[in-house]
Amino acid sequence: MSGLAEAVALSPEEVWRALEKHPTWLDWQEGRMTPRDFWLSVNKRFGTSLTFEQFTEIWNRVIDPKPIVDGTLLAPLAKRYRLCLLSNTDPIHVAHLEATFEPMRYFPATHLFVRSRRM
């Protein structure tokens, strides 16, 4: 949250709390908002004028640049099995991971799911 905090002159903790309390947060977390709608709601909430590209770059900073699992584990598995990645992360993070993380190439199928308040 530090990148967004810099843009709005708040602490990262204050930004996080404000996002979690914002009325659109659950819609974003539960998959009822597009990435562009989320970006617009964040800009409106904090009074910023970040471009979508600036916002996604800032939003993706939360992802650790070093994957926990690399090709040495996945390559042999991918030769024997069709691997599928299940993720509960948002579409902005998924697009970033697919574009920048080498281990993603071992997953021909990626499924994004979101948490639901209904059980």
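Helix α2, which spans residues 12-21, keeps V15, A18 and L19 buried. Those three cover an arc of only 100° around the axis, so they end up on the same side of α2. That fits the usual helix geometry: with 3.6 residues a turn, positions three or four places apart point the same way. As for what sits on top of them, the cover over the buried residues of α2 includes α1 (2-8), α3 (25-29), α4 (35-46) and α5 (52-59). All of this is read from a predicted model.

Stepping back to the whole chain, the protein has seven helices and two strands. Going along the sequence, the order is α-α-α-α-α-α-β-α-β. The C-alpha atoms fit in a box of roughly 50 × 35 × 20 Å when it is taken along the principal axes. Of the 119 residues in the protein, 36% are buried. Among contacts with a separation of 6 or more, 58% are between residues 24 or more positions apart.

Next comes the core. Nonpolar side chains in soluble globular proteins tend to be buried together. Here, the largest nonpolar core holds 19 residues, and L4, L19, F38, F46, F55 and W59 are the ones with the most contacts inside it. At least two residues of this core come from each of α1, α2, α3, α4 and α5. F46 gives a closer look at the packing: with neighbours within four places in sequence set aside, F46 is in contact with L4, V8, L10, V15, A18 and L19. That list takes in V15, A18 and L19, the buried trio of α2.

What about empty space? A probe the size of a water molecule, rolled over the atoms, shows where some is left. One cavity of 30 Å³ or more turns up in the structure, and the largest cavity encloses about 40 Å³. Its lining consists of L19, H22, T24, W25, F38, S41, V42, R45 and F46. Helix α4 contributes the largest share of that lining, with five residues. By class, the cavity lining splits into five nonpolar, three polar and one charged. L19, F38 and F46 belong to this lining, and these three are also among the residues with the most contacts inside the largest nonpolar core.

The largest pocket is another matter, with a volume of about 420 Å³. Its lining runs to 18 residues, and P67, I68, L97, F101 and M104 lie nearest the centre. Both β1 (84-87) and α7 (91-100) supply at least two residues of the pocket lining. The largest share comes from α7, which provides three residues. Sorted by class, the lining of this pocket has twelve nonpolar, four polar and two charged residues.

One last pair is worth a mention. E57 is found in helix α5, a helix that also helps cover the buried residues of α2. Is E57 buried or exposed? Neither label applies, because its relative accessible area is 43%, which makes E57 partly exposed. In sequence, E57 and H93 are 36 residues apart, while in space the separation is 9.8 Å, C-alpha to C-alpha.

Methods. Residues numbered from 1 in each chain as written. Predicted model: local features only at pLDDT ≥ 70, side-chain atom pairs only at ≥ 80, totals over all residues. Heavy atoms only, no water. 1 Å grid on protein atoms, 1.4 Å probe; cavity = no way out; pocket = protein on both sides within 12 Å on 5 of 7 lines; lining within 4 Å. Points joined across faces, edges and corners; volume = space filled by probe spheres on them. Helix = DSSP H or I, 4+ residues; strand = E, 2+ residues; numbered from the N terminus. Nonpolar A, V, L, I, M, F, W, Y, C, P; charged D, E, K, R; others polar. Buried < 20%, exposed > 50% of the residue type's maximum accessible area, 1.4 Å probe, protein only. Arc of directions from axis to C-beta. Contact = heavy atoms within 4.5 Å. Core = buried A, V, L, I, M, F, W, Y, C linked by side-chain atoms within 4.5 Å.
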